[in-house]
Amino acid sequence: MRPPVDGVLGAVGDTPLVRLTRLSAELGLTAYAKLERFNPGGSVKDRTAVSMLRAALRDGDLVPGRSTVVESSSGNLAVGLAQFCLYHRLDFVCVVDAKTTAANLRLLRALGATVEVITEPDQLTGEFLPARLRRVRELNATLPGSFWPNQYANPLNARAHHETMHEIAQALDGRVDYVLFPTGSCGTLVGCARYVRVNGLDTRIVAVDAVGSVLFGLPPGPRLIPGHGASVRPPLLDDTLADDVVHVTDLDCVVACRRLARSEAILAGGSSGAAVAGLHRLATRIPPGSHCVMIFPDGGDRYLDTVYSDAWVEHHFGDVSGLWRDREPAGQVSPC
Ligand SMILES: Cc1ncc(COP(=O)(O)O)c(C=O)c1O
C-alpha cells in the first residue's frame with residue numbers, strides 16, 4: 001500500500017505495471033504496460049512538468065505569486081504544467097493553436113491556465129508549431145517574471161524518467177528485456193535509456209515513432225494522432241540510445257487501441273496503441289518468454305472523439321472495423 005503523500009504533486013509517479021495476459025499468450029512473450037494515465041494529471045507528462053518546474057522553484061527562477069510559466073503545448077504537458085502552476089500559485093500562459101481540441105481547452109481553463117490560441121500558421125512552412133514557438137519567445141521576452149521550461153531542450157525532461165525506469169526495473173527485479181517507448185520530445189526514452197546504461201541493465205530500448213515524423217530519418221508527412229512523432233528533431237534526442245526503431249501509421253494505432261480494448265479491457269491513448277503495434281512488429285524477433293514493457297503515456301478518455309469514435313475512424317480510414325477483429329496491425333521495423 002502506498003503511504004500518504006503531501007499534495008497532489010506527491011502522487012506523480014509510481015504508476016502501475018500491468019501484465020497483459022492475453023497479449024502475452026498471443027505473442028509468446030510476457031508483455032507489460034506501464035499505465036501512466038494513473039498520474040494525477042492523466043499522463044506521463046506530469047513527471048516532466050514536476051521535474052522541470054520543481055527545479056526552477058528550488059533555484060529561484062520561479063516565485064509563487066510573481067512568476068508566469070509560458071509554454072507551447074496543447075496536450076498532456078500543458079495539463080501537467082497547469083496542475084503544477086495551480087498548486088504552487090504560479091500563473092501559466094499556454095500557447096495553443098486552432099487544432100487543439102475543445103475538451104483540452106476546457107481542461108486547461110479549469111486548471112487555471114490562460115490559453116492563447118494561435119489562429120494563423122507560420123507563413124513560410126504552413127505549420128502552427130513555428131508560429132506558436134515564436135509567440136512563446138515573444139511572451140518570454142516581454143512578460144515580467146516569465147519562465148519557459150522548453151521541454152524539447154530541457155535535460156530535466158529526460159531526468160524525470162530515471163525514476164520511471166527505476167520503477168520498472170524494481171517491479172521486475174531487474175529482468176527487463178525490452179522497453180518500447182512512443183517517442184515525441186524523447187524525454188521518456190532518453191531518461192530511461194540512460195538509467196539502463198548507468199545501471200548496466202541488459203535491456204533493449206525500442207523507439208516507436210510515427211510514419212510522417214522526422215525523429216528517425218523518415219520524411220515529414222501528415223499525422224493525425226498526437227503524442228508520438230515530431231515535426232522537428234528535439235535537441236534532447238540522442239540517436240545512440242535506441243537499439244531499434246519501429247515506425248507505425250495512424251491506422252496501426254487505431255487498430256491496436258481497439259484490439260487492446262477488446263482483449264485486455266484497457267482503454268489506452270493513441271500512442272499506447274503505437275507501442276502495442278510496435279510490439280506486434282517486433283514479436284517474431286523477440287526470444288520467447290522475454291519480458292517486454294510498453295510505456296502507455298495516457299488513457300483513452302482523451303481520444304473518445306478520435307481513436308474511439310466510429311465516425312472519426314470511418315471519416316479518415318473508411319470502413320476498417322474488420323481490422324481489429326481479423327488482422328494484425330501493419331508497420332515496419334528497422335534496426336537503429
Ligand atoms: C500521449 C503521448 N504519447 C507519447 C508522448 C511522448 O513522450 P516524450 O515526450 O517523453 O517522448 C507524449 C508526450 O507529450 C504524449 O503526450
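Me: In this predicted model, a pocket is an open set of grid points with protein on both sides within 12 Å along at least five of seven lines, and its lining residues have an atom within 4 Å of a point. Which residues of the second largest pocket lie nearest its centre?

Reply: The lining comprises 14 residues, and Arg47, Val50, Ser51, Arg54 and Ala160 lie nearest the centre. The volume of this pocket is about 290 Å³.

Me: What makes helix H2 stand out in the lining of the second largest pocket?

Reply: Helix H2 (45-58) and helix H6 (155-171) are the elements that give two or more residues to this lining. The largest share, six residues, comes from H2. By class, the lining has five nonpolar, three polar and six charged residues.

Me: How do you know that E3 and E6 pair?

Reply: Pairing requires at least two bridges between the strands. Strand E3 (residues 68-72) and E6 are joined over two bridges in the parallel sense, so the criterion is met. Thr68 has Ser146 in E6 as its bridge partner.

Me: Why are E5 and E6 said to stand at the edges of the sheet?

Reply: The open sheet has four strands in the order E5-E4-E3-E6, with parallel pairing. Strand E5 (114-118) and strand E6 (146-147) each have a single partner strand, so one side of each is left without a neighbour in the sheet.

Me: Which strands does helix H5 touch?

Reply: Helix H5 (residues 128-142) packs on the sheet and touches E3, E4, E5 and E6, its direction making about 155 degrees with that of E4. Helix H3 (residues 76-87) lies across E3 and strand E4 (91-97), at about 165 degrees to E4.

Note on methods. Residues are numbered from 1 along each chain as its sequence is written. This is a predicted model: local features need pLDDT of at least 70, side-chain atom pairs count only at pLDDT 80 or more; totals for chains, interfaces and linings use all residues. Side-chain values use heavy atoms; hydrogens and water are left out. Contact means heavy atoms within 4.5 Å. Axes are lines fitted to C-alpha atoms, for helices over the stretch in contact, and angles run from 0 to 180 degrees between N-to-C directions. On a 1 Å grid over the protein atoms alone, a cavity is a set of points where a 1.4 Å probe fits but cannot get out, and a pocket is an open set with protein on both sides within 12 Å along at least five of seven lines; lining residues have an atom within 4 Å of a point. Grid points are joined across faces, edges and corners, and a volume is the space filled by probe spheres set on the points. Ala, Val, Leu, Ile, Met, Phe, Trp, Tyr, Cys and Pro count as nonpolar, Asp, Glu, Lys and Arg as charged, and the others, Gly among them, as polar.
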